[in-house]
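Subject: A structure for you to look at

Hi,

Here is the structure I promised to pass on. Have a look at it first, and then read my notes below.

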Amino acid sequence: MNAKNLAYVRPEMLAPAPAPLSTRSASGWIRINLLATPKDAALTILAVALLVWILPGMINWLFVQAAWFGTDRSFCTTAVQGGIKPNGWSGACWAFVGDRFQQFMFGRYPIDERWRPMLVAILFIALLVPVLMPKLPRKGLNALLLFVGLPIVSFFLLHGGVFGLQKVETPLWGGLMVTLILSFVGIAVSLPVGILLALGRRSTMPVIRVICVTFIEVIRGVPLITVLFMANVMLPLFLPTGYTIDNFLRALVGVAIFASAYMAEVVRGGLQAIPKGQFEGADSLGLSYWQKIRLIIMPQALKLVIPGIVNTFIGLFKDTSLVSIIGMFDLLGIVQLNFTDTTWISPVTPITGLIFAGFIFWLFCFGMSRYSAFMERHLDTNLKR
């Protein structure tokens with residue numbers, strides 16, 4: 001029987017219809033995501049009640065009652081405490097953050113020379129943004145400029161002593177600048193070194209495998225603060241008399257080594273998740289070991305462990321605060337250092353400074369996590385999206 005004689009056979013596919021209005025509206029979203037079951041409804045009501053109880057007081061303290069402008073502690077203290085605020089007042093002291101903002105960003109870097117870290121920040125953003133955009137061409141050249149060219153230019157710009165630039169010693173560096181430098185160097189070094197360590201740990205050559213396993217397990221077995229302490233106190237004891245290494249360079253090396261050991265285990269997890277057939281298929285094509293790793297195995301392994309990689313980066317970014325043990329002051333360290341400044345001592349100054357530092361850390365960490373989610377979606381080859 002000819003199919004065209006059958007009334008119930010449609011000769012063409014139906015066009016996709018839009019989702020029902022009930023699921024596209026705000027009320028539909030609330031009903032599906034917040035009130036789908038009695039348990040969801042109870043949790044939603046509890047969460048809303050908690051927010052109603054907490055948010056008004058937080059908003060009032062952080063914004064409404066806050067002291068936004070001022071030049072000293074009197075603007076953030078009550079009359080009884082020697083200030084201008086009425087007795088019983090309590091609010092955030094954003095005037096303290098505004099007055100010390102540049103110090104929070106650059107530490108004790110000379111004021112007249114702060115255009116140099118600003119220029120480095122502009123160059124960093126200009127090179128980083130194209131690398132993060134998947135569809136832009138010339139990624140290799142861009143990455144080379146970001147991870148090789150920028151560090152060299154940044155060193156001469158920040159440290160000076162050449163091309164007529166004033167020399168600025170690293171003990172004067174501080175604030176967010178130090179946090180970003182430590183994080184960038186740690187991230188840029190830890191990923192390639194971690195990949196090599198992971199490959200070495202899975203190597204069939206006993207010497208290479210033992211060296212990599214020993215390095216990874218020793219570094220992962222001690223906290224970062226111990227690595228920094230050893231680099232600052234013990235390392236100079238093994239150097240020739242009269243020879244020393246800059247404290248900031250010690251911190252960079254310690255952070256990079258520590259992050260590399262953790263990154264190696266993350267990458268090794270991705271390598272172990274690759275099916276054996278992928279290795280056999282690459283061997284059947286006649287590819288060399290490095291061709292197999294570079295073209296087939298490693299791209300799949302890194303895609304599988306993107307959450308673990310970014311999680312290591314986020315942990316590294318937060319762990320930079322530990323460099324205070326060797327006399328360097330990152331963002332958190334420089335904020336805490338200003339708590340003892342007699343110009344701004346008040347009951348609300350410490351908590352305001354910590355909230356500011358916490359918000360900056362959250363901003364960068366949240367940005368990294370969101371980009372991680374974006375890359376997972378972009379690299380997802382599963383047809384069931």
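Where is the place of Arg138? Arg138 sits in the loop between α6 (115–132) and α7; helices here are DSSP runs of H or I with at least four residues, strands are runs of E with at least two, and both are numbered from the N terminus.

Before going further, some housekeeping. The model is predicted, so to speak of local features pLDDT has to be at least 70, side-chain atom pairs count only at pLDDT 80 or more, and totals for chains, interfaces and linings use all residues. Residues are numbered from 1 along each chain as its sequence is written, and side-chain values use heavy atoms, with hydrogens and water left out.

**Two loop residues with positive phi**

Back to Arg138: its phi is positive, about 55°, although it is not a glycine. Arg138 is also exposed, with a relative accessible area of 67% (buried means under 20%, exposed over 50%, partly exposed in between, with a 1.4 Å probe and protein chains only). Phe163 has a positive phi too, near 55°, and is likewise a residue other than glycine. You'll find Phe163 in the loop between α7 and β1, where it counts as exposed at 77% relative accessibility.

**Around α7**

The loop between α7 and β1 (174–175) also holds Gly160. Gly160 counts as buried, at 9% relative accessibility. Leaving aside neighbours within four places in sequence, Gly160 is in contact (heavy atoms within 4.5 Å) with Arg116, Phe155, Leu165, Gln166 and Lys167. Arg116 is 44 residues away along the chain, and its C-alpha is 9.3 Å from that of Gly160.

In helix α7 itself (residues 139–159) there is Ser154, which is buried with a relative accessible area of 10%. With neighbours within four places again set aside, Ser154 is in contact with Val120 and His159.

**Helix α9**

Helix α9 (residues 206–220) has 15 residues. From first C-alpha to last it reaches 21 Å, close to the 21 Å expected at 1.5 Å a residue (the expected span is 1.5 Å times one less than the number of residues). Which residues of α9 are buried? They are Cys212, Ile216 and Ile219. Seen down the axis of α9, the buried residues fall within an arc of 80°, so they line one face of the helix; the arc is that of the directions from the helix axis to the C-beta atoms. What covers them includes α8 (176–201) and α11 (247–273). On the other side of α9, Pro206, Val207 and Val210 are exposed.

**Salt bridges**

Side chains of opposite charge can pair when their charged atoms come close. How many salt bridges does a search of the whole structure find? It finds 10, taking a salt bridge as a side-chain nitrogen of Lys or Arg within 4 Å of a carboxyl oxygen of Asp or Glu.

One of them is in α9: Glu217 and Arg220 meet at 3.6 Å, N to O. These two residues are three apart in the helix, about one turn. Glu217 is partly exposed at 35% relative accessibility, and Arg220 is partly exposed at 32%. Salt bridges that share partners join Arg201, Glu217, Arg220, Glu265 and Arg268 into one network.

Within that network, Arg201 forms a salt bridge with Glu265, with the closest N and O atoms 2.9 Å apart. This pair links distant parts of the chain, as Arg201 is in helix α8 and Glu265 in helix α11, 64 residues apart. Both Arg201 and Glu265 are buried.

Another salt bridge joins Glu169 and Lys167 (3.5 Å, N to O). Glu169 is partly exposed at 36% relative accessibility, and Lys167 is partly exposed at 48%.

**A nonpolar patch**

Finally, take a look at the surface patch of about 1200 Å², which is nonpolar and includes Leu50, Trp53, Ile54, Phe63 and Trp68. Patches are made of residues with over 30% relative accessible area and no salt bridge, with like charges joined within 9 Å and nonpolar side chains (Val, Leu, Ile, Met, Phe, Trp, Tyr) within 5 Å. Accessible areas come from the Shrake-Rupley method with a 1.4 Å probe, and for residues only the protein chains shown count as cover. Ile54 lies in helix α3 (residues 38–64) and is partly exposed, at 33% relative accessible area.

Cheers
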